[in-house]
Amino acid sequence: MSQTVEQLQDLIAGPVLAPGDPGFDAETFTFNTTVNARPALVVGALDRHDVAAAVRFAAEKGFTVAVTSTGHGAVPGGMDGALVINTSRLKEISVDPQARTVRVGAGNRWAEVVQACAPFALMPPAGAAPSVGVTGYLLGGGLSPLGRAFGFAADHVHALELVTADGVHRRVDADTHKELFWALRGGGGGFGVVTAVEIGLFPVSTLYGGTVFFPGQQAADVLRAFRDWNDDRLPDEACGSLALQRLPDLPHLPEPLRGRFVVALRYAYPGDPAEGARLLAPLRAAADPILDTVGELPLTEFGAIHNDPAGPMPAWDRGDLLPALPDEAIDALLTAAGAQVADAPILVELRRLGGALARTPRHDNALSVRDAAYTLFVVDAPGAPSGSRLFTTMALWTRGAGLPTMRGEAPVATTPETAARLAEIKKTWDPARLLR
Ligand SMILES: Cc1cc2nc3c(=O)[nH]c(=O)nc-3n(C[C@H](O)[C@H](O)[C@H](O)COP(=O)(O)OP(=O)(O)OC[C@H]3O[C@@H](n4cnc5c(N)ncnc54)[C@H](O)[C@@H]3O)c2cc1C
């Protein structure tokens with residue numbers, strides 16, 4: 001292997017590391033600490049030339065290529081035996097406030113992009129956690145806490161630059177390589193190694209958001225109020241999700257939440273705070289809040305809507321989609337994860353869909369399932385039985401498949417036509433299946 005490393009080092013400006021080399025583990029960091037990544041080699045690409053050279057080298061020497069950036073989406077086996085290209089060093093951000101677009105390097109995280117856009121009162125379709133990377137999120141569709149207002153993040157990708165399996169760096173947009181452009185927006189990875197993206201931005205001068213925490217014992221009332229929230233007349237801008245959470249007894253949490261089972265109602269409204277508060281009022285009144293953090297937020301504080309964990313953790317997760325949430329489904333959910341269940345999952349989350357998420361964008365993309373009413377996402381301790389038990393209990397009301405970025409161990413929700421079209425595009429652009 002040392003000869004292979006030396007050959008590759010001659011071609012690459014960034015670090016080339018083999019297992020055991022100092023820095024190797026940091027290059028293959030995984031947010032989920034149960035994923036034990038075992039790549040053959042890692043290339044820390046400094047620019048698109050490094051990416052292209054690494055792809056060509058892998059093809060020549062018979063490696064498959066895996067890509068990592070932040071490690072938030074790493075899955076068991078995803079990097080094993082592969083030549084891994086780490087794109088986290090490909091950072092660049094340039095905002096065009098007139099065109100309301102931003103050009104972003106493949107290695108940037110949402111926190112950095114939001115920070116750069118906020119001075120112009122512009123907001124990208126960022127995910128819940130500031131530390132999530134732009135590229136993996138966009139390739140899988142990307143569901144923002146502001147998703148009902150914005151649509152899926154992939155709906156707002158204007159162009160991507162990537163190295164395809166033939167080692168050529170290309171720009172792909174609605175006019176150039178249209179099929180590939182369709183696949184890259186929501187079709188997941190495996191079509192090329194992205195080096196930069198251009199995405200649309202939304203004018204947001206004020207953001208009203210945060211979380212209302214209720215006692216877990218009142219979950220049934222909060223769930224029903226959430227389901228009935230303005231029925232079909234809820235404006236697209238009113239974005240919400242609800243999470244049953246078993247919170248640890250730790251000092252970084254506000255005192256009233258420590259060690260408690262809570263229902264966290266997350267809310268985001270990109271507009272006038274008074275109107276945002278008016279729309280939230282029926283949910284605030286659904287039960288007796290323990291803590292209410294909803295208020296005017298600087299755009300850069302968007303992470304405070306969900307308060308996702310910032311650091312790595314061991315986790316089992318699985319996602320699904322629900323076409324509706326009838327009373328029977330709420331009862332089943334609480335049978336599996338309510339206050340009386342001693343070993344209930346750490347997190348059971350429902351995000352309300354609809355609004356702009358349900359509409360096909362001007363340039364159609366590979367996100368073919370837009371008719372669901374809610375996402376269901378469950379995080380549990382590795383090996384704990386309660387997470388899978390919940391999906392068995394909920395089987396009557398779930399689709400059995402999830403959004404690409406929020407499915408965990410479940411399959412991707414797609415249509416047979418979309419799956420066939422993606423397979424055809426993969427055959428055209430990567431016939432030897434070089435890219436994972
Ligand atoms: C705490 C947390 C919060 C989250 N919140 C949300 C949310 O609100 N909404 C949502 O939709 N998702 C969310 N996710 C899921 C997240 O969007 C996916 O895990 C996504 O894949 C992460 O992308 P990444 O680039 O950060 O991760 P990485 O692990 O670095 O990459 C994941 C995959 O993306 C692909 N990829 C990454 N970079 C490139 C590249 N340069 N070229 C080609 N392929 C590439 C590869 O297939 C790679 O395996 C969350 C995840 C976590 C851990």
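User: Which helices and strands each supply at least two residues of the shell around the ligand?

Analyst: Strand E3 (65–68), helix H5 (134–139) and strand E10 (193–200) each do that. Keep in mind that this is a predicted model. To read a shell like this, look for residues with a heavy atom within 4 Å of the ligand, then ask which elements they sit on. Here H5 gives the most, with four residues.

User: How many residues surround the ligand, and which are the closest?

Analyst: The shell holds 29 residues, and Ser69, Thr70, Gly133, Leu143 and Thr405 are the closest.

User: How does that shell divide by class?

Analyst: It has 13 nonpolar residues, 14 polar ones and two charged ones. When you read such a tally, remember that Gly is counted as polar.

User: Which residues have a polar backbone atom by an oxygen atom of the ligand, and at what distance?

Analyst: The general idea is to look for N or O pairs within 3.5 Å. In this model, a polar backbone atom of Gly71 is 3.0 Å from a ligand oxygen, and one of His72 is 3.2 Å from a ligand oxygen. Gly136 joins in as well, with a backbone N or O atom 3.2 Å from an oxygen of the ligand.

User: How much of the ligand's accessible area does the protein cover?

Analyst: On its own the ligand has 960 Å² of accessible area, and the protein covers 87% of that.

User: What does UniProt place at residues 35–204?

Analyst: The UniProt record, an unreviewed entry, puts "domain: FAD-binding PCMH-type" there. Treat a label like that with some care, since annotations may be inferred rather than shown by experiment. In the model, the span is 23% helix and 26% strand, and its end C-alpha atoms lie 37 Å apart.

User: Now the empty space. How many cavities of 30 Å³ or more are there?

Analyst: A cavity is space where a probe fits but cannot get out, whereas a pocket is open. The count here is two cavities of 30 Å³ or more. The largest cavity has a volume of about 110 Å³, and 16 residues line it, with Ser144, Pro145, Gly240, Arg351 and Arg352 closest to its centre.

User: Which element gives the largest share of that lining?

Analyst: That's E13, with three residues. Helix H6 (147–150), strand E13 (239–246), strand E14 (261–269) and strand E18 (347–352) each supply at least two. By class, the lining has seven nonpolar, five polar and four charged residues.

User: What about the second largest pocket: which residues are closest to its centre?

Analyst: The second largest pocket holds about 200 Å³ of space. Of its 13 lining residues, Arg148, Asp231, Asp232, Arg352 and Leu353 are the closest to the centre. The lining divides into five nonpolar, two polar and six charged residues.

How values were computed
Residues numbered from 1 in each chain as written. Predicted model: local features only at pLDDT ≥ 70, side-chain atom pairs only at ≥ 80, totals over all residues. Heavy atoms only, no water. Polar contact = N/O pair within 3.5 Å; in protein donor to acceptor, adjacent residues only side chain to side chain. Areas by Shrake-Rupley, 256 points an atom, 1.4 Å probe, with all protein chains shown as cover. 1 Å grid on protein atoms, 1.4 Å probe; cavity = no way out; pocket = protein on both sides within 12 Å on 5 of 7 lines; lining within 4 Å. Points joined across faces, edges and corners; volume = space filled by probe spheres on them.
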